[in-house]
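Notebook open, coffee poured. These are my entries on what I looked up, one topic at a time.

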Amino acid sequence: FRSSVDIVKSCTISRDLSRGKEIHSQVSAGRHCRNRYLNNLLVEMYGKCGETEQARRVFDTIRNPNLFSWNNVLIAYAQNGKLREAQNMLEKMPQRDSVSWTVVLSAYAASGHFEKAELLFNEMPEKDDFAWNTMVSAYAGGGFLEEADSVLKAMPYKGPVACTTMIGAYTQAGHIEKATEIFDTMPHRDVISWNAMLVAHAENGDLLKSEQLFDQMPERSLSSWNAMLAACAQHEDLDKARDLFERMPQRNILSWNTMIQACIEAGNFERASALFRMMPVQDTVSWTTMITGYSREGCIDVARRLFDAMPERDIATWNAMVGSYTASGQLAEAQRLFDRMHVHDVITWTALLAGYAQAGQMETAESIFYRLPGKN
RNA sequence: AACUGUGCCUGUA
């Protein structure tokens, strides 16, 4: 039993649907097939893997669903953008708690329905910290900084989550003074708040302030080290980056990727590719970083060889490769890759559009612009 | 008893 639980949980975390299905059929055939706890976990697993229908099917087999069961299907709907179903569910549930409300609120905000989110928030019988934080995050994520700030102001306790959300939002908007003000006046700072503020200064071009924060902070997580490393990379300070990288208490794949990026920003491709080969395991980010590095250096054929050699490509990889060709005026090859892609996003389209515009083919560029879905 | 919701770090124009 215990091991089934662990397997389902790990499938949820790694979004491993095929292994999830396997364990599901094993569970169904075993003597714990009616166990509510295990079935709740299965509902969650299917929901997180995007399989709303499966989640619902498992839920329907549960004899006496508890609040966890209900919330888990609700989350499956909400987090997969099935707003109508989620809303329905919320209304029909025999009991609902703050989690139920918050989940739907968050889903509305994620799809741009801020009025509905606000309405739900006001309807909530009792608002816990999560609900408040989610409302702040809803507005902040939509770029409504004033609304987010007024929710923050109304909060009974302005905890580190809500404040850090605001720091991030102000950073993105380029309002470093606002971010600083929040950071300086917030009642409690945790390591994540420190990290966010460190990033804020780096984004603002102030490496010195980032370093000061890094030195002052009461404790440092792996993310703190990675963020500081990224700050050095951004500012093309390879010496500082290397020194940090050597001193880090632990490294994960982000640390390696960031260090490679630091080398590339500083123009040291030798070092970048040495690190690339040296790292314990490369992911698509590592490969894409190298591809972009080489193509910026003008070595598009090397970039293409990496592209063809890598085990798996995601959309950013394809975009990088298309962008390499458009940037170097090889429109035909860019178009060929574009046509081979299964999914295009705004970045893909923009790259192609820019390529045609650059080449003076304005009619083609314009027609791409008009066909472009979800323009920003 | 164990299962659910919010904020930080890497690549693509």
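How many residues apart in helix α4 are Asp60 and Arg56? I found them 4 residues apart in α4 (residues 52-61), a separation of about one helical turn. Helices here, I note, are DSSP runs of H or I with at least four residues, and strands are runs of E with at least two, numbered from the N terminus.

**Ground rules.** I am working with a predicted model, where local features need pLDDT of at least 70, side-chain atom pairs count only at pLDDT 80 or more, and totals for chains, interfaces and linings use all residues. Residues are numbered from 1 along each chain as its sequence is written, chains are lettered from A and ligands numbered from 1 in the order in which they are written, and side-chain values use heavy atoms, with hydrogens and water left out.

**Salt bridges.** I looked up the total and got 12 salt bridges. The cut-off is a side-chain nitrogen of Lys or Arg within 4 Å of a carboxyl oxygen of Asp or Glu.

Asp60 and Arg56 form one of them, at 3.1 Å from N to O. For accessibility I use these bins: buried is under 20% relative accessible area, exposed is over 50%, and partly exposed is in between (1.4 Å probe, protein chains only). Asp60 comes out partly exposed at 49%, and Arg56 is partly exposed at 30%.

Next I checked Lys209 and Asp206, whose side chains meet in a salt bridge at 3.5 Å, N to O. Lys209 is partly exposed at 39%, and Asp206 is partly exposed at 22%.

Then came Arg304 and Glu333, with their closest N and O atoms 3.0 Å apart in a salt bridge. Arg304 sits in helix α20 (residues 300-309) and Glu333 in helix α22 (residues 331-340), so this pair ties together parts that are 29 residues apart in sequence. Are Arg304 and Glu333 buried or exposed? Both are buried. I followed the links outward and found a network of salt bridges joining Arg304, Asp308, Glu333 and Arg336.

**RNA strand B.** How many residues surround RNA strand B? I count 53, and the closest are Phe68, Ile75, Phe130, Asn133 and Asn195. Near means that a heavy atom of the residue lies within 4 Å of the strand. By class, this surface has 21 nonpolar, 24 polar and 8 charged residues. The classes run like this: Ala, Val, Leu, Ile, Met, Phe, Trp, Tyr, Cys and Pro are nonpolar, Asp, Glu, Lys and Arg are charged, and the others, Gly among them, are polar.

Helix α19 (residues 284-296) gives the most to this surface, with 6 residues. On the strand's side, 39% of the atoms within 4 Å of the protein belong to sugar or phosphate, and the rest to bases.

I also pulled some side-chain distances to the strand. Asn319 has a polar side-chain atom 2.7 Å from a base oxygen. Asn40 has a side-chain N or O atom 3.1 Å from a base oxygen. For Asn72, a polar side-chain atom lies 3.2 Å from a sugar or linking oxygen.

**Empty space.** Rolling a probe the size of a water molecule over the atoms shows where empty space is left. My search ran on a 1 Å grid over the protein atoms alone: a cavity is a set of points where a 1.4 Å probe fits but cannot get out, a pocket is an open set with protein on both sides within 12 Å along at least five of seven lines, and lining residues have an atom within 4 Å of a point. Points are joined across faces, edges and corners, and a volume is the space filled by probe spheres set on them.

The largest pocket has a volume of about 210 Å³. Its lining includes Asp149, Lys158, Cys163, Tyr170 and Met186. Helices α10 (145-154), α11 (160-172) and α12 (176-185) each supply at least two lining residues, and α12 gives the most, with 4. By class, the lining has 6 nonpolar, 1 polar and 5 charged residues.

For cavities of 30 Å³ or more, the search finds 1. The largest cavity holds about 30 Å³ of space. Helices α3 (36-48) and α5 (67-79) are the elements that give two or more residues to its lining, with α5 giving the most, at 4 residues. Asn72 turns up in this lining, and so does Ile75.

**Last lookup.** Glu53 is in helix α4 and is exposed at 55%. Its C-alpha is 41 Å from that of Arg305, with the two residues 252 apart in sequence.

Key:
A polar contact is a pair of N or O atoms within 3.5 Å; within protein, one must be able to donate a hydrogen and the other to accept it, and residues adjacent in sequence count only if both atoms are side-chain atoms.
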